[in-house]
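Thank you all for coming; I would like to spend a few minutes walking through one model with you. Please keep the sequence and the structure in view while I talk, and stop me wherever you wish.

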Amino acid sequence: MPNDLLSDPARLRALHHSNLLRAHSQAQFGRIANLVRDMLDVPVAIVSIVSDTRQVFAGHRGLPAEWAALGGTPLSHSFCQHVVDHDAPLMVTDARREPLLAQNLAIRDLDVIAYLGVPLHLPSGEVIGAVAAISPEPRAWSSSDLERLGRVAVLADTEIAVRISELKWRSLFEDMQEGFFIGEAIRDASGRMIDWRYHDINPAFATLTGLATQGSEGMTYRELVPDGETAIIDTYATVLETGQPVVFEVFLAVLGNRWFEGRARALDANRFAAVFSNITERKERELQETERRQLLNRELSHRLKNTLSVVGAIVSQTLRNADDLDSARGTTMNRIKALATAHDLLISGHKDAGTVGAMIEAALAPHDDGSRLDMSGPVIPIGSEAALTLSLVIHELATNASKYGALSVPEGRVEIRWSVIAQPAAERPLLAFTWTEHDGPAVSPPDTSGFGTQLIEMGFGGSVLASSRLDYHRDGLRCRIVAPLDELLVEGKG
């Protein structure tokens with residue numbers, strides 16, 4: 001009874017991973033078939049690899065030409081399947097008289113009458129095929145014949161182990177995503193390396209470089225890339241001279257402006273192995289990141305310079321107009337806090353952080369009890385410098401209102417409006433900001449113009465279309481500032 005090894009899933013998995021079913025007519029197995037034919041004096045010898053549906057002739061001698069060309073047979077024409085199924089030798093004197101084999105089509109089509117087969121194994125132990133001697137005439141095999149064929153099977157098992165190792169590394173070599181080649185140094189009369197010759201190029205070489213793999217074998221770097229950079233030659237020369245492996249990056253304009261990361265190791269005094277990958281996308285991202293950082297640094301420096309200028313102006317003007325040091329200290333700190341609040345809002349990351357409304361609300365937050373401030377206006381983005389100016393203007397208006405105006409009495413209130421308007425004289429939209437105090441104490445113009453008043457009157461100056469007006473109305477202070485909208489949207493140039 002069969003042992004069902006032929007269809008055993010573990011055996012079939014091992015056979016599949018060995019890649020030996022592709023090993024059709026391999027020279028090393030052909031030599032083993034020759035040895036069997038000479039040793040046992042038979043006209044036909046085969047080394048077969050057997051799956052659950054077919055057998056492949058890894059090596060053969062003496063087969064009919066049409067079957068030799070096919071490189072294998074279905075199991076309907078296989079005696080070797082029984083060697084595999086039992087994992088044991090099979091000795092057949094005359095297959096026509098054997099119940100197990102009498103109906104096998106190998107008798108009719110391949111003229112297999114006498115058969116002696118010994119199992120072959122993977123290094124891991126699975127039975128995968130047979131080495132066999134075949135005669136078209138009946139033959140009684142001796143124990144000596146079996147012993148000698150067994151010794152040949154040991155050689156075939158060793159060859160299988162070598163073949164599997166080669167296939168494994170060849171598969172890895174062909175499937176690897178990195179490019180690989182072995183370079184052989186070409187030197188001038190003085191012994192200096194001036195070029196190298198390519199050997200053992202893998203398929204990824206062409207993908208990564210854009211150079212054809214076929215035809216590159218045996219060519220030199222200068223032949224493949226006539227205008228190539230010489231620095232890469234010097235890199236490989238250093239590897240050979242020092243014997244030390246290196247990791248390097250190189251930009252090759254001649255290969256389409258590509259960046260490569262390479263690793264090279266000396267094999268002997270004149271040969272080196274190199275593995276490389278295309279890192280162009282990574283280098284482009286790094287370049288973009290560097291440019292972005294430089295832009296941010298420039299912007300940070302610009303904003304810091306402007307902020308320090310504003311702080312300097314605040315301190316200078318406050319001290320100049322202060323009645324005493326204590327009041328100067330308090331006023332200075334409050335104005336700087338207003339500036340800091342605006343900065344915090346600008347860098348908060350909130351989607352509406354850099355808008356006119358957000359700046360006004362932040363500046364008025366310390367004065368808003370929920371009932372005395374009436375604020376309304378559309379969402380209008382604003383550049384950082386204009387935002388800081390707006391924040392300081394609102395701070396000064398609110399501070400004055402708290403000390404002298406509508407916010408200094410319980411019944412007082414303030415109406416704040418902003419909008420985009422069009423004026424016939426202006427060819428571009430304008431931002432209009434109004435501050436109107438109600439029900440506060442009577443106000444009158446100050447005798448001198450302090451920093452706050454100067455800042456408010458300056459508004460968002462810088463354009464002939466910009467204007468600001470302070471009206472000390474008997475019902476309360478009124479302020480109106482108008483400025484070109486497009487100048488408020490962009491960052492200052494500093």
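The buried residues of helix α12 are Val 356, Gly 357, Ala 358, Met 359, Ile 360, Ala 363 and Leu 364. That is seven of the nine residues of α12, so the helix is largely enclosed by the rest of the structure. I should say at once that what you are looking at is a predicted model, and that everything I quote has been computed from it.

What does α12 meet? One partner is α13: the axes of α12, which runs from residue 356 to 364, and of α13 come within 9 Å and cross at roughly 40°. The crossing of these two helices is right-handed. On the α12 side the contact is made by Val 356, Met 359, Ile 360, Ala 363 and Leu 364, and each of those five names also appears among the buried residues of α12. On the α13 side the contact is made by Ala 387, Leu 390, Ser 391, Ile 394, His 395 and Ala 398. Sorted by class, the contact between α12 and α13 has nine nonpolar residues, two polar ones and no charged ones.

Let me stay with α13, which covers residues 384–403. With its 20 residues, it reaches 29 Å from the first C-alpha to the last, close to the 28 Å expected at 1.5 Å a residue. Of those 20 residues 15 are buried, so α13, too, is largely enclosed by the rest of the structure.

Two residues of α13 are worth a look side by side. Ser 391, which has its place in this helix, counts as buried because its relative accessibility is 3%. Its C-alpha atom is separated by 9.2 Å from that of Val 356, although the two residues are 35 apart along the chain. Thr 389, which also lies in α13, has a relative accessibility of 23% and therefore counts as partly exposed, the cut-off for buried being under 20%. Thr 389 and Met 359 are 30 residues apart in sequence, and their C-alpha atoms are 9.8 Å apart in space.

Now, please turn to helix α9, residues 231–242. How far apart should its ends be? At 1.5 Å a residue, its twelve residues should span 16 Å, and the end C-alpha atoms are 17 Å apart, which agrees. In α9 the buried residues are Ile 232, Ile 233, Tyr 236, Ala 237, Val 239 and Leu 240. They cover an arc of only 155° around the axis, which means that they sit on the same side of α9. Which elements cover those residues? The cover includes the strands β7, β8, β9, β10 and β11, together with helix α8. Directly after α9 comes Gly 243, with a positive phi near 75°.

That brings me to the backbone. As a rule, most residues other than glycine have a negative phi. Two aspartates here depart from that sign: phi of Asp 111 is near 60°, and phi of Asp 200 is near 50°. Where do they lie? Asp 111 lies in the loop between α5 and β5, whereas Asp 200 lies in the loop between β8 and α7. Asp 111, at 42% relative accessibility, counts as partly exposed, and Asp 200, at 36%, counts as partly exposed as well.

In α7 itself we find Ala 206, which at 22% relative accessibility counts as partly exposed. Ala 206 and Ser 216 are ten residues apart in sequence and 9.3 Å apart in space, C-alpha to C-alpha.

One more residue, this time a histidine. His 82 lies in helix α4, residues 80–86. Is it buried or exposed? With a relative accessible area of 14%, His 82 is buried. Once its neighbours within four places in sequence are left aside, His 82 is in contact with Leu 90, Leu 100 and Leu 101.

Finally, let me step back to the whole protein, which has 15 helices and 16 strands. Buried residues make up 43% of its 494 residues. Among contacts between residues at least 6 apart in sequence, 61% join residues at least 24 apart. I am happy to go back to any of these places in the model.

Key: Residues numbered from 1 in each chain as written. Predicted model: local features only at pLDDT ≥ 70, side-chain atom pairs only at ≥ 80, totals over all residues. Heavy atoms only, no water. Helix = DSSP H or I, 4+ residues; strand = E, 2+ residues; numbered from the N terminus. Buried < 20%, exposed > 50% of the residue type's maximum accessible area, 1.4 Å probe, protein only. Contact = heavy atoms within 4.5 Å. Expected span 1.5 Å × (residues − 1). Arc of directions from axis to C-beta. Axes fitted to C-alpha atoms, helices over the stretch in contact; angles between N-to-C directions. Left-handed = near helix turned anticlockwise from the far one by under 90°. Nonpolar A, V, L, I, M, F, W, Y, C, P; charged D, E, K, R; others polar.
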